[in-house]
Amino acid sequence: MLIYLALASVLFVIGLHGLFTARNLLRRLLSLNVLTTAVFLLLVVIARKATPLDPVPHAMVLTGIVIAVSTTAVALALVERIALRHSPEPEPSASTRPGEEDA
Amino acid sequence: MPALPADMQVLLLAVALAMPWLMIPALAIRTRDAGHAPALCLAALPAVMAAAWAPDGTLLALPDALGGWVFALDATGRAFLAPAAIVWALAAWLAASLAPRQVRSPAFSGLWLLGLGGNFAVILAQDLLALYAGLALMTVAGLGLVAAERTMQAVAAARVYIGMMLVAELAMFVAVATLVGGGFSDAGFDTVRERIDGPVLALLGIAFGIKLGALGVHAWLPRAHPVAPVPASAVLSGLMIKSGALGWLRLVEPAGDAGDVVAHVLLWTGFAASLYGVARGLHTKRAKTLLAWSSVSQMGLVTMLAGLWILPGTRGSGLADPVAFAIAVFVVHHGLAKAALFLGAGLLERTAASRRSLVWASLGLPALALAAAPGTSGVLAKSALEQALAASGQAGWIVPVLYLSGTATVVLMARLLWLTRSPHDTAASSDTSGVRGPALALPWVAMLAAVLVVPWLMLGSNTAGPTATAPRDHAKALVPFVLAGFAASLTWWADRRVQRRLLNARLPRVQARAVTGLPAPVRRLSLHVVRGERWLHLWESVGLTLIVVAAVLAAALSLG
Amino acid sequence: MTAGDAAVIVLVSLPHAAAIAGFVWPSRAVTVSLISAATLMAAALVAMHAVAGYGAWRHDVGGWEAPLGIGWTIDGVACALLLLTAAVGLAGSIHHAAARVRPSTAAHDPRYFWPLWLFLWGGLNALFVSADLFNIFVTLEFVTVASVGLIALSGRLAQAAAWRYLLATLFGSSVYLLGVALIYGRVAALDLPFLAQALPADLVGMTAASLVTIGLLLKGAVFPLHFWLPSAHARALPPVSAILSGVVVAAAFYLLARAWLGPFRELLTPAAGTALGLLGAGAVLWGGLLALLQRHLKRMIAYSTVSQLGFCMLLFPLAAAGATQLAWTGAMVVLLAHGLSKAACFLAAGVIVRHHRSGRVDALGGCQQGIGLAWFAFALAAASLVGLPPTGGFVGKWWLAQAAINSGAYPWLALLVAGTLLTAAYLWRVLEAAIRTGPPDEARRPAAIAAHREGAPATPSDRGMMIAALGLALGAVAVGAAAPPLAPVLSSAIGVTW
């Protein structure tokens, strides 16, 4: 049990680190998925802890996976749009002054 | 005039209050010649009738509005309502000719009605919340009236106006929120007055001082009043600035324990303002600016009375109190005279050369009233002021010194007539095409009649209050004229160059300027802010910020 | 089934059905959407009427009860926010229908607007009535996906902003879900009414509360986590900006308020309240300062959202100091008035920017030539944002001030005053530009703008958009009149501990 908890924490930290240090858009998205997986793992551990086995966290994980798949699809579609525009740097505010961007 | 039935009195009061709001839909209609002016004039008429015929104590309760608003007419309120109603009505009438472009604009006319509605609500309000809401409406409307010309100067003046008014509003907001506990109930003046303590009094002083244009916080007044269209200047300078005095009368306990220090500060500030306003007014070449500075000077006298209000002394209630009576007299006298001067000065610019001298001579009438010539309402005001000083035990040193300020006002009014003696701007005076004689003559004569008659009618024979004027007062009123004449002839004799130098001396000019750039430290600060914001937008710093926020939350939670 | 139940079912299901219909028959999308928008407004009014008449109630969808079923609680606050959503949604629908974005001029496929718009609306409605922390997560994701889609179809520059928003808000959702998982592990329940005051102040409880809070702070763009908001809100289409700034951000605050005064009530110590209040203070001052420094109208309005939401955050320190009831009604009225007036600002700005062909504040000289109504709407909305009596903004700030005075928390009162000054300063900048007959730097003005400044008279399309904006601005003023009598309704909130 403890090892799964530790694994969930490690996955969470990996996801967190990757999300804010990766420069590649896909890597950021994948890091976010890793992070979400960590949360799902925690939920499964919580379900296992209860006696008898608690079905509610399982239902949450299943719903969560469906949501994660959908949001990832949306994110991928967006990444594709941005990549197709040949925009080398997707962060406008990092390169221009906040006050000077055009509306 | 037989007394009206009681329910008719209440109805009259309700119509007077509601008429400005009822007229807003009427702005959809626009007459070809006069724009919205008839509607604007009509909006103030029921208030004239109410001021004339509704007796003291007419009460209108609206229990369902926020915490139950109560409006009533009392002697103090009538002193504010009568000049207000007359000036709003006549200024609107004259606006058809004096500001033809503005009264065609629904925005200007709407703001006019907003100011009108707010002003009447302030005057008749019997609880703090209605007073506060009315003041806020008036402030917003005033902003629109000041900026109505839409020139650079008007916008810059409006900027100063709204900046200072906002400070006043916020001071008022905090004071009102402190005084009115809980929700929106329990805001009657009597209840609220008990709860005023030192800090709240200071906040109210700031708020009302700014509204009144008291010395030190008067910066908006000489900028804002001259740039507005003429009828708007008249209501701004004649009526709106008085709301500060009304608030003081309604809220601050007379002869309370606010302390001598505050009272004396007000007394001295007011006296200084009465001289300073004249000094500045003498150094301007524009009639409207001169009149605005004269308002600063006159409001100085009102500030003195506000100081007397909180000094201990022998007092009556209502207008039997010499200080309240003096304030009421000043409100009626100055409201009518100053509005007439603004309207007359505007009228002169639009009068054909053939009739100009006639109008110019008639302008002398309100000028004489303001200068307190014998027989005018100025004498009433002056003697009321002296009696108020005497009743508060302050007569000793101030009364002789008041002759100084009286003389100064005489000189200022002479200067006004001198400035307006010949067409100032030929281009403006040629634009008289749309002005028809009777359309101007009738309201102008009515205005002059009001200046002459109304103060005496209302307060000249005040049986309840302190006895008004004796013939001796009229004789004493000649002294400033003699002094002024003496001073004038002395300078004339001495050297015309001295005179010219005096009049053209370069005092720091009050002129509305556009802000061209920000001072360097502010610019540096804003640069840092923008840089900080750019850093916050970096994706990498989001991670750091998150950690900081998490740490703050964790620390706070574990502390508790 | 009562009328209230029926109304709530309509509120949640109709937008989704209409969205699908609009997607399948794009040619009918506008008609379908406008009819649904009007119906949704009526349904929200019916629900509000039911709550005001009979008090709050609970509805278990399909008769399935918690924990596996989906529970809805319909109380006064939820209904007020449903009504806000309906008002902004209806006005936004009219605005977009009147704008008639043609496929040739749009940077996107305009067919997608109406389905996404309705999905967002449906997601928001579901969010406001959800009674369960996990269902809230689901509806939050729903709102996220629809919002991101709406931002992304507003143009190329907007896609980059949409990406940042998506990453930030997905991360926020994950953190929120982690918090929810911990709460479930600790107390084995997710139902908000059941959870009232339930979370103990131990390590797990604190961690869970911090995680939920951080997730919602990210979604609510509370300083210093507002990095995604200005670009996303400034670059979207006007109705999209309106609903994002007016309602979506407000939804995050709504959840934050329900969480801290519900499950986390035991954790809301003065220290915790002060920490949240300091974030709000940062938002008010920093957001206001940046709004003052912006050169573009829509960016200024977007930063104003950051600043105004900060006022709502004062709920936490004031509730921790004991003035819960006053602070709650105050914060909620500020939230509602801000939602309406901010949406009105964005809709009016849409017309103004279109008319002047420039979004630069200093190029907006003159409000003549037919768009006076848009400026009027903007000015009314500004009055409510500043908090002039008798607008909604005033009543909200009044109650917040009362809460601060009653609990002796004068620093928060000072913040309220300072924030109001900043608000007035940045809004005055815009209004001043409108009043002035000509821009100050006549010479430096690009010729292209000069040519267009005179502008064309208002078209029927402009008029429709301006009326939508004006309706919302009048709504913000009307909140001021409606709020005092409706205060008891606003403080009917299931699961909130006073």
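## Where chains C and B meet

Two residues count as being in contact when heavy atoms of theirs come within 4.5 Å. By that yardstick, 58 residues of chain C touch 47 residues of chain B. Keep in mind that this is a predicted model.

Putting these two chains together buries about 4,500 Å², and carbon and sulfur atoms supply 81% of that area. On the chain C side, C:Phe227, C:Trp398 and C:Trp428 lose the most area to chain B, together making up 15% of what that side buries.

## Charges and polar contacts

What about salt bridges between chain C and chain B: how many are there? The count is one. In that bridge, the side chain of C:Glu432 meets that of B:Arg159, at 2.5 Å from N to O. Polar contacts between chain C and chain B come to nine residue pairs, counting pairs with both residues at pLDDT 80 or more.

Several helices of chain C give two or more residues to the side that touches chain B, among them H6 (156-187), H8 (203-219) and H16 (392-406). Helix H17 of chain C gives the most, with 10 residues. Sorted by class, this side of chain C has 44 nonpolar, nine polar and five charged residues.

## Aromatic rings

Over all chains, the structure holds 23 aromatic pairs. One of them joins A:Phe20 and C:Phe171 edge-to-face, with 5.4 Å between centres and 90 degrees between the planes. This pair crosses between chains, running from helix H1 (residues 2-21) of chain A to helix H6 of chain C. A:Phe20 and C:Phe171 are both buried. They also belong to one aromatic cluster with B:Trp539 and C:Phe227, and C:Phe227 is one of the residues named above for losing the most area to chain B.

Another edge-to-face pair is C:Trp375 with C:Phe378, at 5.8 Å centre to centre and 70 degrees between the planes. Both sit in helix H15 (residues 372-386) of chain C, three residues apart, or about one turn of the helix. Are these two buried or exposed? C:Trp375 has a relative accessible area of 4%, so it is buried. C:Phe378 is at 0%, so it counts as buried too.

## A look at C:Ile94

C:Ile94 lies in helix H3 (residues 76-99) of chain C. Its relative accessible area is 36%, so it is partly exposed.

Which residues does C:Ile94 touch, leaving aside those up to four places away in sequence? They are C:Leu34, C:Gly464 and C:Ala468. C:Ile94 and C:Ile467 are 373 residues apart in sequence, yet their C-alpha atoms are 8.8 Å apart in space.

Technical notes
Residues numbered from 1 in each chain as written. Chains lettered and ligands numbered in written order. Heavy atoms only, no water. Buried area = accessible area lost by both parts, 1.4 Å probe. Salt bridge = Lys/Arg side-chain N within 4 Å of Asp/Glu carboxyl O. Polar contact = N/O pair within 3.5 Å; in protein donor to acceptor, adjacent residues only side chain to side chain. Helix = DSSP H or I, 4+ residues; strand = E, 2+ residues; numbered from the N terminus. Nonpolar A, V, L, I, M, F, W, Y, C, P; charged D, E, K, R; others polar. Buried < 20%, exposed > 50% of the residue type's maximum accessible area, 1.4 Å probe, protein only. Phe/Tyr/Trp six-rings, centres within 6.5 Å; stacked < 30°, edge-to-face > 60°.
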